[in-house]
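Visitor: I am new to this structure. Please walk me through a few of its parts.

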Amino acid sequence: QYVQEYGPSFSLDIKNKSNEDIRKIIDRLNNKYKKKLQLSNPPFQNPEANKFRIGDITGQIRISNLELVIVPKYLQIDDSQKWLKALMHMLHISKTISYSPHSTVKGSKNRLYFIDLIAADFIDSLAPAIKSGLPLGYIKQKQESSFLRGRIDIIQQTKNIFSKPHVVACITETLTENIPLSIVLKWACRFLSYKVTNVFLRYRLSEFLENFSEVSDILPPSGVIDRLGILGTQIQYQRPFETAQALINQSGQNFDPKSSQTPGILFKSSKVFEDFISGCLTRIARRNERWTHSKQKWMRLAIGPANPVGVKPDDVLYVDGNVALVLDSKYKNNLVDDPKGKANREDIYQLICSCRAASSNYGVLIYPSSEPLVNCKLSEYEIVKEQKPKKFFTLGIPPMELAEQDGESRILNHLEKNIQKIINASI
């Protein structure tokens, strides 16, 4: 079932579930995702009896036997399949998760859900890594022996001087596949194999699971997973590990992939867009050696009797070490350019404060757009009073362009060209 963020309310038709059961499931989902995604409001709203509405989340989730694919508010339901492809590109650029864009799956003519796209990317990143064998690591073991093996366990040996003078307390290190990294990867294979709708993907994941037959099924504590570092010899597992880590964070530490009624992966829509724009700016700055880019750093705006007042712009672009412009991404409709004059004044006020704090003459408001890229023009506004900023601009970026061939390159070039136009005018 495809639904739209902030779109019409809809019913959930779930087999063998009463309205009361459904409401309990939704309550659990709201508690879980509001906390995990740091949302201001519950994502599943209940505007009328037995009907629901989605707010500020996108992605896919399965509720019992029902699949919900959530399309962002500025797109139509008909765009849902293209949106899933575009979302994968956005996540890849933003580094929200190390996904790579995926558009097709070999041997399949079926429409793919978002979870299938994630599985396809996980398979593509794990397949070449696993060819050289599972990641290995050393585990420490303490033992007592009649001869020295490994190194002496000094503390235990001291205790044994009088009670067991004939044995040596040793610490040995054994090379094994049963390490936290392998356990996490096995968990992801099991999770995805239960959740994918595509038979080919399920078969590939089952093949992978055979490689993990000697690896434990029990996940290590969440703290261990969060602190788990990828060694240089294991760098090929970086991408599949980050995907697995994200799935674990979404599903919970004690998640049973076979019996759970609410698997899936959801994202905070506004954060995905903001991180996507920041990711684009990072890439653009790398292409221009005089440019540098910083993201979400506090800047002091004013000093008061108690505490200083600060603002945190989404992005700041520097040229030759000097602030060139401040950029704020807004996950909302662009009403600044609305001919009826219903401007997003709070967006303008925030941008002006950020420009003052950064000592920037120019600021840019970036909005998502449903228009083709050729229709997304830079709009210019000149500040009447003599102050910083001197001007601010608005610019639309259409994420759906990412679903098209070379869409990523076109968006980067479009953003770079308009930023260059502003910088050139300031020189």
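**A helix and its surroundings**

Guide: Start just after α10, where Ser 359 takes a positive phi of about 60°. Keep in mind that this is a predicted model.

Visitor: How many residues does helix α10 have, and what does it reach from its first C-alpha to its last?
Guide: Helix α10 covers residues 345-358. At 1.5 Å a residue, 20 Å is expected, and the helix comes close to that. The helix has 14 residues and reaches 20 Å.

Visitor: Which strands do the buried residues of α10 pack against?
Guide: The buried residues of α10 include Ile 348, Leu 351, Ile 352 and Cys 355. An α-helix has 3.6 residues a turn, so residues three or four places apart point the same way. The buried residues of α10 pack against β11, β12, β14, β15 and β17.

Visitor: Is Arg 356 buried, partly exposed or exposed?
Guide: Arg 356 sits in helix α10. Exposed would need over 50% relative accessible area, and buried under 20%. Arg 356 has 45% relative accessibility, so Arg 356 counts as partly exposed.

Visitor: Which residues does Arg 356 touch, not counting those up to four places away in sequence?
Guide: Met 299 is 57 residues from Arg 356 in sequence, and their C-alphas are 9.6 Å apart in space. The residues that Arg 356 touches are Leu 301, Gln 387, Lys 388 and Pro 389.

Visitor: Why is β17 largely enclosed by the rest of the structure?
Guide: β17 spans residues 391-397. Buried means under 20% relative accessible area. The strand is largely enclosed because 6 of its 7 residues are buried.

Visitor: In which sense does β17 pair with β15, and in which with β16?
Guide: With β15 there are 7 bridges, and Ile 366 has Leu 395 in β17 as its bridge partner. With β16 there are 4 bridges, and Ser 379 has Thr 394 in β17 as its partner. β17 pairs with β15 in the parallel sense, and with β16 in the antiparallel sense.

Visitor: Is Glu 416 buried or exposed?
Guide: Glu 416 is in helix α11. Among the residues it touches are Ile 284 and Trp 291. Its relative accessible area is 16%, and the cut-off for buried is under 20%. Glu 416 is therefore buried.

Visitor: Which residues form a nonpolar patch on the surface with about 330 Å² of accessible area together?
Guide: One of them lies in the loop between α3 and β6. That residue is partly exposed, at 41% relative accessibility. The patch is formed by Leu 136, Tyr 138 and Leu 175.

Definitions and conventions. Residues are numbered from 1 along each chain as its sequence is written. This is a predicted model: local features need pLDDT of at least 70, side-chain atom pairs count only at pLDDT 80 or more; totals for chains, interfaces and linings use all residues. Side-chain values use heavy atoms; hydrogens and water are left out. Patches are made of residues with over 30% relative accessible area and no salt bridge: like charges are joined within 9 Å, nonpolar side chains (Val, Leu, Ile, Met, Phe, Trp, Tyr) within 5 Å. Accessible areas come from the Shrake-Rupley method with a 1.4 Å probe; for residues, only the protein chains shown count as cover. A salt bridge is a side-chain nitrogen of Lys or Arg within 4 Å of a carboxyl oxygen of Asp or Glu. Helices (H or I, at least four residues) and strands (E, at least two) are DSSP runs, numbered from the N terminus. Buried means under 20% relative accessible area, exposed over 50%, partly exposed in between (1.4 Å probe, protein chains only). Contact means heavy atoms within 4.5 Å. The expected span of a helix is 1.5 Å times one less than its number of residues. Two strands pair if DSSP finds at least two bridges between them.
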